[in-house]
Amino acid sequence: MYAWLWRHLPGPWWMRVGFCVLILAAVAALLNWVVFPWVDGLLAPWQSVTVR
Amino acid sequence: MAARRHGRRAQGRAAQPGTASVLTRVLGVLGELLITFGVLVLAFVAWQLWIQDATVSTQQGDRAAALSRQWASKSPSHADPQGTKTPPAASTRPTVGQAFGVLHIPRLGVGWSRPLIGGTTIGVLNKLGAGWYPQSSLPGQIGNTAFASHRGGHGSNFRYLDTLRYGDVIVLETEQGWYVYDYRNTEYVMDTAVSVVNPVPQSTAAAKARLLTLTTCNPYPFTNGERMIVYSVFRVFYPRNGGLPASLSAQLQGGR
């Protein structure tokens, strides 16, 4: 999977490394602002602090 | 990387066409997916413990400080402000999500403050501040004024609530003024013990005293079966227009 990605990135190795960093940054942003908050919401029943 | 190496090796063995190559490549991708999933789970735990926790904590601290500053313009400083043991009756009940006050607990840090928000919905508790139980009393009124907040994650507001000691004060600040409570005791109950927010906690008696109850989860961290309950009793109310005594003011505003 990752080898396939590496093979299909254009340019010399340093440009590919640059693309990898960009992709990683985009994935991190997506996780931080979209995916993790969503998962966090699903976990709410196990993080209760009220008596009910 | 691994998939590529296995792929080449399989290509070299012309005697066994296809099957080994496809199998190793599928297993290679599956392995990479599983490793990726593991890394994502670890990343989520780290995000919850540190990144989101710190973000929410900072946001709520700033919001509380902003509320205090906004109301501070209405309170001239007096040398010797007069408190009262019978605060005026409050009428307007906060709606869900409404920031109507500021919680000060000097034991949790000089200048430590968090917003007081109407309601105990997940949205309130996870993002906005300490949630006010809508069936409980308003600050300073006869009966039980109750708030909930997180022990771990989402700002970890009540993380160190178990360090409160006899003699500590808890102050509820609203636009009307400052309600000063004295910490009395802590108890640990199951999450079903709804009677801790009764007008008289753990009782059906009619209320005579003015109490404050804080609830959070226990034990820390990553568990949810019990609740830590912190009880305080009302001592004095300082109206907004009279200001705060210097000693108390220093405890509440020493930080940010």
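A strand is a DSSP run of E at least two residues long, and strands are numbered from the N terminus. By that count, B:E226 lies in strand 8 of chain B. The model shown in these views is predicted.

**View 1. B:E226 in strand 8 of chain B.** B:E226 belongs to strand 8, which spans 226-239. The residue is partly exposed, with a relative accessible area of 30%. That value rules out the buried class, because buried means under 20%. Neighbours within four places in sequence are set aside for the contact list. What remains includes B:V189, B:M190 and B:D191. B:T216, B:C217, B:N218 and B:P219 also touch B:E226. B:L212 sits 14 residues from B:E226 in sequence. Their C-alpha atoms are 19 Å apart.

**View 2. The cis peptide bond ahead of B:P219.** B:N218 and B:P219 are joined by a cis peptide bond. Its omega is about -10°. Most peptide bonds are trans. B:P219 falls in the loop between strand 7 (210-218) and strand 8 (226-239) of chain B. Both partners of the cis bond, B:N218 and B:P219, are in contact with B:E226. B:C217 is another contact of B:E226. B:C217 is buried, at a relative accessible area of 10%.

**View 3. Positive phi at B:H154 and B:S156.** Most residues other than glycine have a negative phi. B:H154 has a positive phi, near 55°. B:S156 has a positive phi too, near 45°. B:H154 is placed in the loop between strand 4 (143-148) and strand 5 (169-174) of chain B. B:S156 is also in the loop between strand 4 and strand 5. Are these residues buried or exposed? B:H154 is buried, with a relative accessible area of 2%. B:S156 is buried at 14%. Both values pass the test, since buried means under 20% relative accessible area.

**View 4. Chain B as the setting for the views above.** Chain B has four helices and eight strands. From the N terminus, the order is α-α-β-β-α-β-β-β-β-β-β-α. Chain B has 256 residues, and 47% of them are buried. Consider contacts in chain B between residues at least 6 apart in sequence. Of these, 67% join residues at least 24 apart. The exposed surface of chain B is about 12800 Å². Carbon and sulfur atoms supply 60% of that area.

**View 5. Helix 2 of chain A and its kink.** Helix 2 of chain A covers residues 13-42, 30 residues in total. From first C-alpha to last, helix 2 reaches 41 Å. That is close to the 44 Å expected at 1.5 Å a residue. Where is the kink in helix 2 centred? The kink is centred on A:L31 and amounts to about 50°. A:L31 is buried, as are A:F36 and A:D40 in helix 2. A:W33 is found in helix 2 as well. A:W33 is exposed, with a relative accessible area of 65%. Its class follows from the cut-off, because exposed means over 50%.

**View 6. A:A3 in helix 1 of chain A.** A:A3 lies in helix 1 (residues 2-8) of chain A. A:A3 is buried, with a relative accessible area of 4%. Two separations relate A:A3 to residues further along chain A. A:W33 is 30 residues away along the chain, and the C-alpha atoms are separated by 28 Å. A:V39 is 36 residues away in sequence and 29 Å away in space, C-alpha to C-alpha.

**View 7. The extent of chain A.** Chain A has two helices and zero strands. Its radius of gyration is 18 Å, whereas a compact globule of 52 residues would have one near 10 Å. Along the principal axes, the C-alpha atoms fill a box of roughly 60 × 20 × 10 Å. Of the 52 residues, 21% count as buried. The accessible surface of chain A comes to about 3600 Å². Carbon and sulfur atoms account for 81% of it.

**View 8. Two cysteines, one in each chain.** A disulfide is a covalent bond between the sulfur atoms of two cysteines. Over all chains, the structure holds zero disulfides. A:C20 is partly exposed, with a relative accessible area of 25%. B:C217 is buried, at 10%. The two residues fall in separate classes because the buried class ends at 20%.

How values were computed. Residues are numbered from 1 along each chain as its sequence is written. Chains are lettered from A and ligands numbered from 1 in the order in which they are written. This is a predicted model: local features need pLDDT of at least 70, side-chain atom pairs count only at pLDDT 80 or more; totals for chains, interfaces and linings use all residues. Side-chain values use heavy atoms; hydrogens and water are left out. Buried means under 20% relative accessible area, exposed over 50%, partly exposed in between (1.4 Å probe, protein chains only). Contact means heavy atoms within 4.5 Å. Accessible areas come from the Shrake-Rupley method with a 1.4 Å probe; for residues, only the protein chains shown count as cover. The expected span of a helix is 1.5 Å times one less than its number of residues. The bend at a residue is the angle between axes fitted to the seven residues ending there and the seven starting there. A disulfide is a pair of cysteine sulfur atoms within 2.5 Å. The radius of gyration is taken over C-alpha atoms; the globule rule is 2.2 Å times the number of residues to the power 0.38.
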